[in-house]
Amino acid sequence: MRILIPIKRVVDPYAKVKPLPDGSGIDTSAIKFEINPFDEIAMEEAVRIKEKLPDTELIAVSIGGAECEEQLRKALAIGADWALLIETNDQLDSGVVAQELAAIAKELKPDIILMGKQATDGDNNQAGQMLAAKLDCPQATFACKVEVGAGSVAVTRETDQGTETLELPTPCVITTDLRLNEPRYVALPGIIKARSKKLERRPRSTSFSAKVRTISYSLPPPRAAGKRVSSISELVAELKGKGVLA
Amino acid sequence: MIAANSSEIAPLSGFAAKVGLSFDVLLLQGSTSEGFGAGTVFQANLSVFPPADSLASSIAPKTNGYSYIAGAATMAGKDVIARLAGLIDAGMVSDVVSVASPTRFVRPVVAGTILATEEILTNLNCFTVRLSSFSASSQGSSLSESVSLDTTGITKRIAVHAGNGSRPDLTQAKVVVSGGRPLRDAATFERLIGGLADKLGGAVGATRAAVDSGIAPNECQVGQTGKIVAPDLYIAAGISGSTQHMAGIKDSKCIVAINKDPDAPIFEFADFGIVADLFDAIPELMNLL
C-alpha cells in the first residue's frame with residue numbers, strides 16, 4: 001500500500017496575523033511557518049495506518065518555494081518515508097495544486113491520498129475535492145475516523161447533521177478534520193533521522209495557471225464595544241428593550 | 001444556484017442579485033413554489049442526499065451554459081461544489097460573504113481574522129456562499145421543472161448518525177445558545193445549554209474545546225473550522241472568545257456573554273456581558289423566561 005500526503009506550508013496558525021499596510025498581502029515578517037495543522041493530522045493518520053500495515057509506503061509532497069523543505073522535513077520526522085518538493089514560485093490556486101497533485105498521483109499511483117480538509121491560511125477547502133475530480137476517484141472529506149480494509153476504506157466523516165460512514169474503493173482521496181487524531185510530538189531522534197531521508201526536488205510538470213487570485217487583504221470591521229450588565233434581570237430587560245427577546 | 005433544500009434558495013438568490021445576473025435554481029431535495037426571482041426552479045427531488053462524488057457527477061452536465069455556479073458554504077456544499085469545480089474545470093471562490101463587483105468577491109481567510117478580496121480570472125466559476133451573509137432580494141414564483149439526476153456511484157454510505165434531533169438547524173437558527181468547557185460533562189451541557197436553547201426555541205452550539213473534550217457533539221462546533229452562525233441572539237456561556245470561535249459568530253446581531261472571568265476576551269465583542277458563574281446565571285435566566 002502506498003499513501004500520498006500533500007503538505008502545505010502556512011503561517012503559524014496560532015500567530016496573530018494582519019494585512020500589510022497597503023493591503024497587498026499578509027504581514028509575515030515576524031511570523032513562523034508551520035505544516036498546515038490539518039495536513040499534520042493527515043500525516044499522523046498515515047503513520048498510524050503504517051503502524052498497523054507495515055508494508056506501507058508514505059510519501060509527503062509539497063508544492064511551493066524551496067522553503068517548503070522545512071515542512072517536508074517535519075513530515076519526514078513524523079514518519080514519511082520520503083518526500084517530494086515540486087519547486088515553484090508561481091501563483092497557485094486550489095485548481096493548479098489539484099492539477100499538479102493529480103500528475104504526481106498518476107505517476108506514483110497511491111492507494112490513498114490523505115490531506116487536510118483546508119489550509120489554515122486560505123481556508124478554501126477545495127484542493128482535495130478538485131484532486132479527486134481530476135483523478136475521477138471517490139472522495140471522503142471531513143474525515144474523523146479512517147479504517148483501511150482490503151481494496152477499500154471506511155471513512156467516518158463529519159456532516160452538517162452529525163456523522164456518516166462511507167465505504168470507498170481505493171484509490172481515493174480523504175481529507176482530514178480536527179478530530180481524526182492528535183498528532184504526535186516528534187522527539188529529537190526523529191528530527192535527526194529525517195535529515196537523512198530522501199527529499200526529491202522537481203519542477204512543475206503541468207502548465208496550468210491560476211483561475212482565481214487574491215487582490216487585497218483587509219481587517220474585518222471591529223464590533224462596537226458592548227455593555228456590562230450586573231444582573232440577569234437587567235440582561236433580560238436589555239434584551240427585551242433591543243427586541244431580541246419577546 | 002444549487003440549493004440542497006428550499007431554505008437555501010433565498011440567500012442564494014441574494015448572491016445572484018448582488019452579482020447582477022438572472023439565475024435558475026437546481027433544488028436537490030424538497031420542493032417549493034417560491035423561487036425568489038429565479039427563472040426556473042429545477043426540482044431533483046432526491047430521496048436521499050448522495051455522497052459528493054456521485055452527486056457532483058450527476059450535476060456537472062446540468063451546469064452547461066452557466067458561468068456562475070453557486071451553492072451554500074455548508075459542509076455538504078463545500079464537499080460537492082469543489083468537486084464539481086474540479087470536474088468542469090472551473091475557478092472557485094469559497095465562503096463568499098460579499099460581492100465587490102461581478103468579478104471580485106470578499107471572503108474571510110486565516111480563521112476569519114482577515115478579509116481577502118479575490119478576483120476570478122476566467123469565465124467559468126463555482127462559489128460557495130455564506131448563507132448568513134445574503135438575503136433574498138425579490139419574491140415571486142418561478143417556472144418549475146422536474147429534473148432527474150443519476151446519482152449512482154461507487155462510494156457507499158454504510159452508516160448515518162444524525163445529532164440535533166428536534167432543535168432548529170444551527171446555521172439558520174434565530175437563537176443559538178453555546179457553551180464551553182466549563183460545562184464539565186455532557187449531561188450538564190445538555191441540561192443547561194440544551195435547556196436554555198429549548199426555552200428560547202434555539203439551537204445548541206459549542207466551542208472546539210467543549211467538543212474535543214466530549215462534552216458536546218461534533219456537529220455543534222461553532223467557529224471558523226466548525227459552523228458559521230449569524231442568529232439574532234447568540235448566548236455564549238463559559239466561552240472565553242478565541243479568535244477561531246469569534247470568527248464563527250461575529251455576524252450575530254446580538255451577542256451575550258456569560259463568563260465568570262471579567263478579563264475574558266469575549267467581553268470585548270459581546271453586546272451584553274455579565275460577569276457571573278454560568279451555573280447560577282443560566283438557571284436564573286431560564287426562570288425569568
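Select A:Ala127, A:Gly128, A:Gln129, A:Met130, A:Leu131, A:Ala132 and A:Ala133: these residues of helix 4 of chain A are buried. The model on display is a predicted one. Because seven of the nine residues of helix 4, which covers residues 127-135, are buried, the helix is largely enclosed by the rest of the structure.

Next, display what surrounds this helix. Within chain A, the buried residues of helix 4 pack against helix 3 (94-108), strand 6 (112-116), strand 7 (139-148) and strand 10 (172-176). Chain B also takes part in this packing, through its own helix 3 (75-88) and its strand 5 (91-96). Both chains should therefore be kept visible at this stop, because the enclosure of helix 4 comes from the rest of the structure.

Move then to the end of the helix. Just after helix 4 of chain A, select A:Asp136, where phi is positive, at about 50°.

From there, proceed to strand 10 of chain A and select A:Thr175, which lies in that strand. Is A:Thr175 buried or exposed? Its relative accessibility is 1%, so A:Thr175 counts as buried. To see its surroundings, leave aside the neighbours within four places in sequence and show the residues in contact with A:Thr175: A:Met115, A:Gly116, A:Lys117, A:Gly128, A:Ala140, A:Thr141, A:Phe142 and A:Ala143. One of these, A:Gly128, is among the buried residues of helix 4 selected at the start.

The tour now turns to the surface. Select A:Leu188, A:Ile191 and A:Ile192, which form a nonpolar surface patch with about 280 Å² of accessible area together. A:Ile192 belongs to helix 5 of chain A, residues 188-195. A:Ile192 counts as partly exposed because its relative accessibility is 46%, a value between the 20% limit for buried residues and the 50% limit for exposed ones.

Finally, select the whole of chain A. The chain contains six helices and 13 strands, and its C-alpha trace spans about 65 × 45 × 40 Å along the principal axes. Of its 246 residues, 54% count as buried. The area exposed by chain A is about 10,800 Å², of which carbon and sulfur atoms supply 52%. Where contacts in chain A link residues at least 6 apart in sequence, 69% of them join residues at least 24 apart. Colouring by charge completes the view: chain A carries 33 positive and 34 negative charges, and the mean positions of the two sets are 3 Å apart.

Note on methods: Residues are numbered from 1 along each chain as its sequence is written. Chains are lettered from A and ligands numbered from 1 in the order in which they are written. This is a predicted model: local features need pLDDT of at least 70, side-chain atom pairs count only at pLDDT 80 or more; totals for chains, interfaces and linings use all residues. Side-chain values use heavy atoms; hydrogens and water are left out. Patches are made of residues with over 30% relative accessible area and no salt bridge: like charges are joined within 9 Å, nonpolar side chains (Val, Leu, Ile, Met, Phe, Trp, Tyr) within 5 Å. Accessible areas come from the Shrake-Rupley method with a 1.4 Å probe; for residues, only the protein chains shown count as cover. A salt bridge is a side-chain nitrogen of Lys or Arg within 4 Å of a carboxyl oxygen of Asp or Glu. Helices (H or I, at least four residues) and strands (E, at least two) are DSSP runs, numbered from the N terminus. Buried means under 20% relative accessible area, exposed over 50%, partly exposed in between (1.4 Å probe, protein chains only). Contact means heavy atoms within 4.5 Å. Lys and Arg count as positive and Asp and Glu as negative; His and the chain ends are not counted. The place of a charge is taken as NZ of Lys, CZ of Arg, CG of Asp or CD of Glu.
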